[in-house]
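Here are my notes on this one, set out point by point. Have the structure open while you read.

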Amino acid sequence: MSAAIGAALYGLATRAARRLPRDMSLTSAATLATLDRTGPRRITDLAAVEGVTQPAMTALVRVMEESGLVERRGDASDKRVTLVCLTEAGVSYVRTRRQAGVHAFERLIGELTGDEVEAMVAALPALKHLAELESQNREGPKQ
């Protein structure tokens, strides 16, 4: 049963990712979303979370910095460390993108039967917990 649920969720997530705007790479968008969820992070941490090399993340951060979506700040607790932070424009971008995704699913949910919507509502606590577990496993400790 868990394999069938996993396959359905994976298929839904894959199709949802394909519908996202192509104004930036999925890795860039995922990095911005990580910063929005977890707060400022070191480049090495971001690279590990997103599954890319540190040089690749450094280049990605530089591009996002030039676009005004992130900035680098010193860490008050360790002057040797630089943290990557979302700018106001970065926060706005992440929230706008997330809201567009929510609206897309709202439209699809509107096409379900009443019983199917009730089943989705009943599954919400489990889906939220699943998302928390995935996030914890992927992102590791918050800086």
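The points below cover the domains, their interface, the core and one histidine.

1. First, a reminder that we are looking at a predicted model. The protein chain splits into domain 1, residues 1-111, and domain 2, residues 112-142. Their C-alpha centres sit 19 Å apart.

2. How much area is buried between domain 1 and domain 2? The figure is about 850 Å², and carbon and sulfur atoms account for 50% of that. On the domain 1 side, Thr-38, Val-49 and Ile-109 give up the most area to domain 2, and together they make up 46% of what that side buries. In terms of contacts, 13 residues of domain 1 meet ten residues of domain 2.

3. On the polar side of this interface, the rule finds zero salt bridges between domain 1 and domain 2. There is one residue pair in polar contact between the two, with both residues at pLDDT 80 or more. As for which elements of domain 1 do the touching, H2, H3 and H5 each bring at least two residues to the side that faces domain 2. H2 has the largest share there, with four residues.

4. Now the inside. The largest nonpolar core counts 17 residues, and those with the most contacts within it are Leu-32, Met-57, Val-61, Met-64, Val-70 and Val-84. Two or more residues each come from helix H2 (26-38), helix H3 (43-50), helix H4 (54-66), strand E2 (78-86) and helix H5 (88-109). Which element gives the most to this core? That would be H4, with four residues.

5. Met-64 is worth a click while you have the core on screen. Setting aside neighbours within four places in sequence, Met-64 is in contact with Ser-28, Thr-31, Leu-32, Leu-69 and Val-70. Of its partners, Leu-32 and Val-70 are also listed among the core residues with the most contacts.

6. Last, His-129, which is placed in helix H6, residues 114-139. Is His-129 buried, partly exposed or exposed? Its relative accessible area is 45%, so His-129 counts as partly exposed: over 50% would be exposed and under 20% buried. If you want a long-range pair to check, His-129 and Ala-7 are 122 residues apart in sequence, and their C-alpha atoms are 18 Å apart in space.

How values were computed:
Residues are numbered from 1 along each chain as its sequence is written. This is a predicted model: local features need pLDDT of at least 70, side-chain atom pairs count only at pLDDT 80 or more; totals for chains, interfaces and linings use all residues. Side-chain values use heavy atoms; hydrogens and water are left out. A nonpolar core is a set of buried Ala, Val, Leu, Ile, Met, Phe, Trp, Tyr and Cys residues joined through side-chain atoms within 4.5 Å. Buried means under 20% relative accessible area, exposed over 50%, partly exposed in between (1.4 Å probe, protein chains only). Contact means heavy atoms within 4.5 Å. Domain bounds come from an automatic or database domain assignment. Buried area is the accessible area (1.4 Å probe) that two parts lose on being put together, summed over both. A salt bridge is a side-chain nitrogen of Lys or Arg within 4 Å of a carboxyl oxygen of Asp or Glu. A polar contact is a pair of N or O atoms within 3.5 Å; within protein, one must be able to donate a hydrogen and the other to accept it, and residues adjacent in sequence count only if both atoms are side-chain atoms.
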